[in-house]
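Good morning, and thank you for the time on today's agenda. I would ask everyone to look at the sequence and the model for a moment before I begin.

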Amino acid sequence: MAARGFPYTDLKDFLAALEREGELRRVGVPVDPTLEISEIVTRTVRADGPALLFEQPTRGEMPVAINLFGTEKRTAMALGVESLDEIGNRIGEMLKPELPVGFAGMMGGLGKVMQLKSMPPKKVKTAPCQQVVYRGDDVDLNRLPGLQVWPGDGGIFHNFGLTHTKHPETGKRNLGLYRLQQHSHNTLGMHWQIHKNSTAHHAVAERLGQRLPVAIAIGCDPVVSYASSAPLPADIDEYLFAGFLRGERVEMVDCLTVPLQVPAHAQIVLEGYLEPGERLPEGPFGDHTGFYTPVEPFPVLHVEAMTMQRDPVYHSIVTSKPPQEDHGLGKATERIFAPLLRFLIPDIVDYDLPAAGVFHNCAIVSIRKRYPKHAQKVMNAIWGAHMMSLTKLIVIVDEDCDVHDYREVAFRAFGNVDYARDLLLTEGPVDHLDHSSYQQFWGGKAGIDATRKLPEEGYHRGWPEEMTMTPEVVSLVDKRWKEYGI
């Protein structure tokens with residue numbers, strides 16, 4: 001069931017919807033984007049508080065919108081559903097291989113085709129994001145209220161810039177969400193990590209000795225903003241995916257100075273290029289791991305044009321040790337991509353990515369166990385599944401365990417495991433930001449088999465029966481509970 005007002009035209013439309021639902025608070029007093037906003041947002045997130053609109057930042061020329069995805073309710077609103085599982089179910093239906101049967105089946109098949117037809121972006125000639133244009137010497141990134149989130153950060157960062165590139169040879173587009181350190185009034189550090197598609201585009205451009213055009217959109221509608229963070233396979237266009245989520249095509253417009261397209265209803269767009277071979281130190285930055293990432297050399301974006309809507313709203317996010325707003329984005333990804341993961345690995349019943357695991361550190365997976373070492377088979381399949389390859393710890397439980405109930409999972413992992421036999425250790429790629437691996441980009445991983453063990457796995461003691469109360473007694477106590485006066 002779509003949320004009221006969905007799909008939203010732009011960020012301002014979504015903010016209005018949040019305000020109608022009591023999910024937005026305006027902060028009308030002057031607030032400093034250096035550290036003060038970060039502390040306010042962190043306290044708000046940890047109290048399950050509302051989205052915030054800082055109307056008078058003491059730096060920059062526009063208000064700051066933040067904590068838009070800080071709860072599952074707001075993330076569901078952003079994506080136009082009552083529950084995030086609704087989107088996963090839609091994807092699951094499209095993945096079903098059955099041929100349509102009868103009239104009803106044909107109509108259902110037609111509905112799927114109509115959904116697919118809504119995906120491709122729609123090109124427009126004029127766009128709100130180009131109502132105000134600054135070029136050349138008039139470009140000044142200080143118009144934007146970029147944040148310094150933590151005391152040890154290397155400076156001002158723009159944390160929700162949707163970065164657009166194209167493969168120099170194939171022309172295939174990529175949309176990614178990367179932090180952007182402001183080096184000067186017209187240059188930015190491009191922190192795109194080794195596993196990202198934009199990094200591959202840049203590598204090809206450098207091999208060819210060419211500049212790489214880049215466009216960055218800030219303050220897009222919430223579906224496009226989410227799509228930029230989704231771990232899509234390289235052959236799936238993020239704007240096709242956004243169109244699927246919206247049920248309506250995303251309007252795109254040609255940039256003014258680079259051969260790229262951007263969302264027509266973005267609040268702000270930065271256009272520029274990377275010089276081949278140019279790097280500058282980027283960082284430190286307090287990241288979602290809870291630690292500062294070190295200074296490293298990254299490419300430099302030279303901004304040649306800056307366009308925006310009249311009276312734009314600047315969108316950003318705070319990253320830190322969980323819980324923080326990006327958990328809302330991670331939970332959306334977990335639920336939306338559950339059917340795809342089950343399609344790739346049918347053994348999986350459900351899975352959970354704990355917030356404390358900061359996306360890549362832990363996955364809890366339930367399976368319908370059918371044969372010896374089934375859990376280890378699933379572990380290896382997960383490590384071979386796209387960005388799930390970066391997962392460091394996988395805990396496998398039986399299907400009767402609720403993977404979202406961490407107390408129950410811990411009970412199984414602590415009590416059902418002989419760590420001499422049920423622990424699988426291996427090595428493989430880890431996240432660029434992982435500080436614990438002794439070598440950058442790769443390190444050790446573990447899989448814990450917390451399922452009931454079979455005789456064929458060498459367990460000959462007879463797995464004990466877990467204690468449960470009879471349904472009759474449970475029902476009796478339910479009925480009499482008020483009588484007890486407890």
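**A helix pair, three sheet regions and one residue**

Helix α7, residues 222-229, packs with helix α8, residues 238-246, at an angle of about 135 degrees, and their axes are 9 Å apart. I should say at once that this is a predicted model. Two packed helices are described by the angle between their axes and the distance between the axes. On that basis, α7 and α8 are oblique to each other. Their crossing is right-handed. Which residues meet here? From α7 there are Val223, Val224, Tyr226 and Ala227, and from α8 there are Glu238, Tyr239, Phe241, Ala242, Leu245 and Arg246.

I turn next to the N-terminal part of the chain. An unreviewed UniProt entry annotates residues 15-90 as "domain: 3-octaprenyl-4-hydroxybenzoate carboxy-lyase-like N-terminal". Over residues 15-90 the chain is 39% helix and 24% strand, with the end C-alpha atoms 26 Å apart.

There is also an open sheet of 4 strands, in the order β1-β2-β3-β18, and its pairing is mixed. Which strands lie at its edges? They are β1 (24-31) and β18 (314-315), each of which pairs on one side only. Helix α1, residues 11-20, packs on this sheet and touches β1, β2, β3 (64-66) and β18, and its direction makes about 110 degrees with that of β1. Between β1 and strand β2, residues 51-57, the pairing is parallel over 6 bridges. Within that pairing, Pro30 stands opposite Gln56 in β2.

Let me move to strand β17. This strand spans residues 300-308, and 7 of its 9 residues are buried, so β17 is largely enclosed by the rest of the structure. With which strands does β17 pair in the antiparallel sense? One of them is β5, residues 132-135, over 4 bridges, where Tyr134 has Met306 as its bridge partner in β17. Strand β8, residues 187-190, is antiparallel to β17 as well, over 3 bridges, and Thr187 stands opposite His302. Strand β12, residues 268-274, runs antiparallel to β17 and is joined to it by 7 bridges; here Val269 stands opposite Thr307.

Thr187 brings me to a single residue, Gln181, since Thr187 is among the residues that Gln181 touches. Gln181 belongs to strand β7, residues 173-182. Is Gln181 buried or exposed? Buried means under 20% relative accessible area, and Gln181 is buried because its relative accessible area is 5%. Beyond the residues up to four places away in sequence, its contacts also include Gly154, Gly155, Ile156, Phe157, Leu188, Gly189, Pro281, Glu282 and Gly283.

My last region is an open sheet of 5 strands with mixed pairing, in the order β19-β20-β21-β23-β22. Why is one side of β19 and of β22 left without a neighbour in the sheet? Both β19 (348-352) and β22 (423-429) stand at the edges with a single partner strand each, so one side of each has no neighbour there. On average, neighbouring strands of this sheet are turned by 20 degrees against each other, direction ignored. Strands β20 (residues 362-367) and β21 (residues 393-398) run parallel and are joined by 6 bridges, and Ile367 has Asp398 as its bridge partner in β21.

Two helices complete this account. Helix α11, residues 374-383, packs on the sheet and touches β19, β20, β21, β22 and β23 (442-449), its direction making about 150 degrees with that of β23. Helix α12, residues 406-415, packs on the sheet too, touching β19, β20 and β21, and its direction makes about 90 degrees with that of β21.

Conventions: Residues are numbered from 1 along each chain as its sequence is written. This is a predicted model: local features need pLDDT of at least 70, side-chain atom pairs count only at pLDDT 80 or more; totals for chains, interfaces and linings use all residues. Side-chain values use heavy atoms; hydrogens and water are left out. Buried means under 20% relative accessible area, exposed over 50%, partly exposed in between (1.4 Å probe, protein chains only). Contact means heavy atoms within 4.5 Å. UniProt positions are given in the numbering used here, feature names are shortened, and annotations may be inferred rather than shown by experiment. Two strands pair if DSSP finds at least two bridges between them. Axes are lines fitted to C-alpha atoms, for helices over the stretch in contact, and angles run from 0 to 180 degrees between N-to-C directions. Angles under 35 degrees count as roughly parallel, over 145 as roughly antiparallel, 65 to 115 as roughly perpendicular and the rest as oblique. A crossing is left-handed if the near helix is turned anticlockwise from the far one by less than a right angle, and right-handed if clockwise.
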